[in-house]
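Biologist: I would like a close look at one part of this predicted model, namely the charged side chains that pair with one another, and then at what surrounds them. Could you take me through that slowly, as you would for someone in a first year of study?

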Amino acid sequence: MTKGKKFLAYSFLTVVSLLSVFPLYWMMVAATNKSVAVSRGTLMFGTELLNNTKKLFASQNVYAALGNSFKYSIVMTLISLFICSIAGYGFEIFHDKAKDRVMSIILLAMMVPFAAIMIPLYQMFSKANLLNSTLGFILPSISTPFLIMMFRQSARSFPVDIMEAARLDGLNEFQIFCRMFIPTMRSTYAAAMTITFMNAWNSYLWPKVIMSDANSITMPMMVANLKSGYVTDYGTLMLAVLLCTIPTVIVFFLLQKSFAEGITGAVK
Amino acid sequence: MDNSKKKLSLGQKQSLAGWAFLTPAVLFIAVMSFLPMIQALFLSFQSGKGANLSWTGVTNYVRMFQDPVFMQALKNNFIYLIIQVPIMLILALILASLLNNKDLRFKGLFRTAIFLPCATSLVSYAVIFRSLFAVDGLINIVLIKLGFLSTGYNFLGHPNSARIVIILALIWRWTGYNMVFYLSGLQNIEYSIYESAKIDGASPIQSFWGITVPLLKPTILLTAIMSTNGTLQLFDESVNLTYGGPSNATITMSHYIYNVSFKYVPNFGYAAAMSYLILFLVAVLAFLQMKVGDKRD
């Protein structure tokens, strides 16, 4: 690359990076300032963080929303990862014609728009008394074709020798999955965990449909409720947005490296 | 004889273990996706308020094409799809191929920065963009200071500017996500191909179209189908960024279906019929994209 081209490439990447980060920077700035200062266009961190926190916690049940979001997302991630990974493993390691056919039918579910199944699901869940419950939150997306496919792809690179050796050692198939497959596929699990946790934490339409009780709401729902007031207090609003963003950003940074590796495995 | 019998039973045992492993996931998908899909199909031929439904044949399907709000929503989804998806995917491809270049430094930093928007929730970024583009928001303040405007422009109060804000927000949120897929795909391409192309005198733009795009085709197809699917189902942005307004000018199909189901007097049958149109569009577009993807070989 010539110097000029390099300069162009760096400039382009820098501009795009700044544009990507700026709205998040602005969110943090706004969360630490008075609403008036935000409306005046300040770009400097302020000293109002504590006051905004007091105001937010006084007006909204932040503890409930945070607690619920953590509860729903963690339960969802743990169960979903287990169910989908063992299914992906089963589809790949023990594959035969019948199982391959089932897999291709399952993939069709990827095309089902959520708006289409939302109403029957709502009716089903209200009959089963699952509204406003953790189970109600997780059930519709606990098993996704995307995750199953991801684990099926990664099971392709699971060495057959290990399995044979483990069988000779007297391990049964379930033990082989738990003790051999799970530790070997750490990066796929990390990628799947990042995706599932973020999707669960960020989901909005389904909780909006089933969480009618104020004590069951999630963080995104709380943020959405805040903005629909008549007067927008930018300071507290952006603090709520910040609180809603921190957990997913932390998960992303913790798992970033394995995330990239896991996606690579899945795209291959 | 004895030996082969034992082997067969071992194979059967393993096949059974496989079925046991995949059954829970398959059952959940059957009950939580396919069953409601069938129920929605039956619902779509019924009409009425709340639980009082009666069979009305294809009335719902006729009605939606005469419903100005739904037609506007359909149009909006296509505007977002046709403008936003190509811009985003091309931008993501360019960024990925730049970050794949061995001569550049700080790649990890750039990659993290560009991917960061994906960590924000849809509601959060919709609220951030709504605030940035408000009449007293930062964008207006900057435009006034630079002398482009004398007073704040109501971006979200005019249909076209409101749609542009949604498109900008979508590009901001999803470009990094698609870039990660391309970066992963690029890792499977031998870097030496680029070096030998360079020796043969190919310009970076030529190797982009001649090497990157053809070899990444499966990944491009995957991201195109995912983005099309996502755009046709847009909900959060319409609800929280523009509230579907001004007066339903930016509303999406999913948002309108939600309103018909849960906000207005509920008409589940009509909502189900509209949702089947989304399913139909998703299926047709995915099919077309796969056809086109195959042809270019």
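Modeller: Lys55(A) has a relative accessibility of 43%, and because exposed would require over 50% and buried under 20%, this residue counts as partly exposed. Its partner is Asp233(A), with which Lys55(A) forms a salt bridge whose closest N and O atoms are 3.1 Å apart. Lys55(A) sits in helix 3 (residues 49–59) of chain A, while Asp233(A) belongs to the loop between helix 13 (219–227) and helix 14 (234–267) of chain A, so the pair ties together parts that are 178 residues apart in sequence. Asp233(A) is partly exposed as well, its relative accessible area being 23%. As a general point, side chains of opposite charge can pair when their charged atoms come close.

Chain A also holds a salt bridge between Arg167(A) and Glu164(A), with an N to O distance of 3.7 Å. Here both partners lie in helix 9 (residues 160–168) of chain A, where they are three residues apart, about one turn of the helix. Glu164(A) has a relative accessible area of 41%, which means that it is partly exposed. Arg167(A) meets a further side chain, that of Glu173(A), in a salt bridge of 2.8 Å from N to O. With a relative accessible area of 12%, Glu173(A) is buried, because that value falls under 20%. Through the partner that these salt bridges share, Glu164(A), Arg167(A) and Glu173(A) are joined into one network. Over all chains, the count comes to six salt bridges.

What, then, is the count of salt bridges between chain B and chain A? That count is zero, although the interface of the two chains does have nine residue pairs in polar contact, with both residues of each pair at pLDDT 80 or more. The size of an interface is often given as the accessible area lost when the parts come together. For chain B and chain A, about 7600 Å² is buried between them, and 77% of this area is on carbon and sulfur atoms. On the side of chain B that touches chain A, the largest share, 22 residues, is supplied by helix 1 (residues 2–43) of chain B. The contact as a whole draws 86 residues from chain B and 92 residues from chain A.

Uncharged side chains deserve a look too. On the surface, Phe70(A), Ile74(A), Leu78(A) and Ile79(A) make a nonpolar patch of about 350 Å². One of these residues, Leu78(A), lies in helix 4 (residues 62–93) of chain A, and its relative accessible area of 61% is over 50%, so Leu78(A) counts as exposed.

Finally, two asparagines are worth examining for their backbone angles. Asn132(A) has a phi near 60°, a positive value in a residue other than glycine, and Asn132(A) is found in the loop between helix 6 (114–127) and helix 7 (134–138) of chain A. Its relative accessible area is 27%, so Asn132(A) is partly exposed. In chain B, Asn248(B) has a phi near 65°, again a positive value in a residue other than glycine. Asn248(B) lies in the loop between helix 11 (236–240) and helix 12 (253–263) of chain B, and with a relative accessible area of 27%, Asn248(B) is partly exposed.

Definitions and conventions: Residues are numbered from 1 along each chain as its sequence is written. Chains are lettered from A and ligands numbered from 1 in the order in which they are written. This is a predicted model: local features need pLDDT of at least 70, side-chain atom pairs count only at pLDDT 80 or more; totals for chains, interfaces and linings use all residues. Side-chain values use heavy atoms; hydrogens and water are left out. Patches are made of residues with over 30% relative accessible area and no salt bridge: like charges are joined within 9 Å, nonpolar side chains (Val, Leu, Ile, Met, Phe, Trp, Tyr) within 5 Å. Accessible areas come from the Shrake-Rupley method with a 1.4 Å probe; for residues, only the protein chains shown count as cover. A salt bridge is a side-chain nitrogen of Lys or Arg within 4 Å of a carboxyl oxygen of Asp or Glu. Helices (H or I, at least four residues) and strands (E, at least two) are DSSP runs, numbered from the N terminus. Buried means under 20% relative accessible area, exposed over 50%, partly exposed in between (1.4 Å probe, protein chains only). Contact means heavy atoms within 4.5 Å. Buried area is the accessible area (1.4 Å probe) that two parts lose on being put together, summed over both. A polar contact is a pair of N or O atoms within 3.5 Å; within protein, one must be able to donate a hydrogen and the other to accept it, and residues adjacent in sequence count only if both atoms are side-chain atoms.
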